[in-house]
Amino acid sequence: MWVVFSLLAALSAAVVVTLSKAGVKNIEPSVAFAIQSVLIVTVAWSVVAWQGHFPQVAEIDRRTWLFLIAAGIITCASSLFSFQALKMGQASRTSSFDKISLVFSILLAVFFLKEKVTWQVILGATFMAGGALLIAFTKPAD
């Protein structure tokens, strides 16, 4: 089932890139991000409420809070960087280059989460990074 949700996330991310590129055309990227952030917070807490998970908030330990806060700050930085890249470049090129995050994710998972990787993961990540670099640095079509 995780594959279905991962594919839905990938499709959603592709739509977000397309809509965000159109959205940053005439405004500053930070303004576009701020607008989306308000909607993200509203939807996220609405889902928590709808699913009845509010009581879990009180049960979160300090360490988990620190991880989530750090991840939230870095998510904001990542989004601001992405919006700036979209403002300056083509959506297809900036989005593909952003996918090099896969390589970073694998490295971080190995070093910090002690996950094991196979040669297939390494080969796949190499192909994906190579493809992202090829797309990002190929001369754009006229």
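This passage describes the domains of a predicted model, the contact between them, and selected residues.

The model is predicted, so local features are reported only at pLDDT of at least 70 and side-chain atom pairs only at pLDDT 80 or more, whereas totals for chains, interfaces and linings use all residues. Residues are numbered from 1 along each chain as its sequence is written, and side-chain values use heavy atoms, with hydrogens and water left out.

The protein chain is assigned two parts: domain 1 (1-88) and domain 2 (90-141). These bounds come from an automatic or database domain assignment. The C-alpha centres of domain 1 and domain 2 are 21 Å apart. Domain 1 brings 5 residues to the contact, and domain 2 brings 4 residues. Contact here means heavy atoms within 4.5 Å.

Interface size is often expressed as the accessible area lost when the parts come together. Between domain 1 and domain 2, about 370 Å² is buried. Of this area, 63% is on carbon and sulfur atoms. Buried area is the accessible area (1.4 Å probe) that two parts lose on being put together, summed over both. Across the interface of domain 1 and domain 2, 0 salt bridges are found. A salt bridge requires a side-chain nitrogen of Lys or Arg within 4 Å of a carboxyl oxygen of Asp or Glu. Polar contacts between domain 1 and domain 2 number 0 residue pairs, counted with both residues at pLDDT 80 or more. A polar contact is a pair of N or O atoms within 3.5 Å; within protein, one must be able to donate a hydrogen and the other to accept it, and residues adjacent in sequence count only if both atoms are side-chain atoms.

On the side of domain 1 that touches domain 2, helix H1 (2-23) and helix H4 (62-88) each supply at least two residues. H4 gives the most to this side, with 3 residues. Helices are DSSP runs (H or I, at least four residues), numbered from the N terminus. By class, this side of domain 1 has 3 nonpolar, 1 polar and 1 charged residues. Ala, Val, Leu, Ile, Met, Phe, Trp, Tyr, Cys and Pro count as nonpolar, Asp, Glu, Lys and Arg as charged, and the others, Gly among them, as polar.

Helix H1 also holds Ser20. Ser20 is buried, at 4% relative accessible area. The cut-offs are under 20% for buried, over 50% for exposed, and in between for partly exposed (1.4 Å probe, protein chains only). Beyond its neighbours within four places in sequence, Ser20 contacts Gln36, Phe83 and Leu86. Val31 belongs to helix H2 (residues 29-51). Val31 counts as partly exposed because its relative accessibility is 41%. The C-alpha atoms of Val31 and Phe83 are 9.6 Å apart, with the two positions 52 residues apart along the chain.

Ser96 lies in helix H5 (residues 91-98). Ser96 counts as buried because its relative accessibility is 11%. Neighbours within four places in sequence aside, Ser96 contacts Ala132, Ile135 and Ala136.

The salt-bridge rule gives a count of 1. Asp98 pairs with Lys99, and the closest N and O atoms are 3.2 Å apart. Asp98 is partly exposed, with 35% relative accessible area. Lys99 is also partly exposed, at 38%.

Lys114 occupies the loop between helix H6 (101-112) and helix H7 (119-137). Phi of Lys114 is positive, near 60 degrees, in a residue other than glycine. Lys114 is exposed, with a relative accessible area of 59%.
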